[in-house]
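Visitor: Could you take me on a close look at the sheet in this model, and at the spaces around it? I would love one connected tour rather than a list.

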Amino acid sequence: NPAQIFSPKGISLAANTAWENLWSLKHSVIEGWYNVRTDKQLRAQRVLPHINRAFRGEIVEIPAIKYEPAQVKGITGAVEYRWVKALAYPVKDDKGRIKNVVIQHEDITAQKIAEDNLRQSEARFKAIWDSTPNALALSDSEGFVIDANAAYYKLYGYSPKEVIGKNFAIIIGSFICS
C-alpha cells in the first residue's frame, strides 16, 4: 500500500515506493518541509479534522478526496490528481507517546472515473428518455413495467400508477379491449 510517514508535528519524513508511484513523485521533493497538518487543500476538503485525530492518537479512516499535488507550492511534475481515501494511524513509543503517524493511501481514481462516466451516461439516457416523442417503457425479464416516459402515458392515456409494476400483457390486453 502507498504509505507516508509523518513526524508528530505533521512533517513528511518518508514514503514507500508505492506512494512515489501513486503520485509520480519522489518523496525527496517534499521530505522535511511538507506539513500534512497545514495543507490548505486538505483543509478545504474538510479532511484535516480526521487527520488531526490520528495525530492525537486515534486510528482514523480518512474519507475520499480528489487531491491535486500541483496545488501545493513546491510540488511539480506529479500526477494531475488522484482520488484517494486513507487510513491514518499513530506509531507510539514504549511510553505511549506518538513517535510518528502513518497514512496509507488507497487509490480509488479508476472507481471515481467509472462512477462519473456512469452518472454522465445515465444523464444522457434520461435526457433522451424524457425528450423523445416516442412512447417508451421498460420492463423486467418477466414483463413487469419498471418505468415509462411521458410520451407513453400521453399516447396510451395511462397514469404511472396504472402502469408501473403491472405486466405488459395485462396493460396491452386492457388497452386493446377498451
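Guide: In this predicted model, five strands make up an open sheet, with antiparallel pairing and the order S2-S1-S5-S4-S3. Strand S2 (12-15) and S3 sit at the edges with a single partner strand each, so one side of each has no neighbour in the sheet. From one strand to the next, the twist averages 25 degrees. As a reminder of the chemistry, strands of a sheet pair through backbone hydrogen bonds, either parallel or antiparallel.

Let's begin at the S3 edge. S3 runs antiparallel to S4, and six bridges join the two. If you would like a spot to zoom in on, Glu61 stands opposite Leu87 in S4. Moving on to the other side of S4, we come to S5: these two strands are also antiparallel, joined by nine bridges. Two pairs make handy landmarks here. Tyr89 has Val102 in S5 as its bridge partner, and Val91 is matched with Asn100 in S5. S4 and S5 form a hairpin with five residues between the strands, where Gly96 adopts a positive phi near 85 degrees.

Now bring a helix into view. Helix H3, residues 48-55, lies across S1, S3, S4 and S5, and it runs at about 140 degrees to S3.

Several of these strands also help to enclose a space. The count comes to one cavity of 30 Å³ or more, and the volume of the largest cavity is about 270 Å³. Its lining has 20 residues, and those closest to the centre are Gln4, Trp23, Tyr34, Tyr67 and His105. At least two lining residues come from each of strand S1 (3-6), helix H1 (17-23), strand S3 (60-67), strand S4 (82-92) and strand S5 (98-107). The edge strand S3 gives the most, with four residues. By class, the lining of this cavity has 18 nonpolar residues, two polar and no charged.

For a contrast in lining, turn to the largest pocket, which holds about 170 Å³ of space. Tyr34, Asn35, Thr38, Asp39, Lys40, Gln41, Gln71, Val72 and Lys73 line the pocket. Here the classes divide into two nonpolar, four polar and three charged residues. Tyr34 is a good place to end the tour: this residue is among those closest to the centre of the largest cavity, and it also lines the largest pocket.

Notes: Residues are numbered from 1 along each chain as its sequence is written. This is a predicted model: local features need pLDDT of at least 70, side-chain atom pairs count only at pLDDT 80 or more; totals for chains, interfaces and linings use all residues. Side-chain values use heavy atoms; hydrogens and water are left out. On a 1 Å grid over the protein atoms alone, a cavity is a set of points where a 1.4 Å probe fits but cannot get out, and a pocket is an open set with protein on both sides within 12 Å along at least five of seven lines; lining residues have an atom within 4 Å of a point. Grid points are joined across faces, edges and corners, and a volume is the space filled by probe spheres set on the points. Ala, Val, Leu, Ile, Met, Phe, Trp, Tyr, Cys and Pro count as nonpolar, Asp, Glu, Lys and Arg as charged, and the others, Gly among them, as polar. Two strands pair if DSSP finds at least two bridges between them. Axes are lines fitted to C-alpha atoms, for helices over the stretch in contact, and angles run from 0 to 180 degrees between N-to-C directions. Contact means heavy atoms within 4.5 Å.
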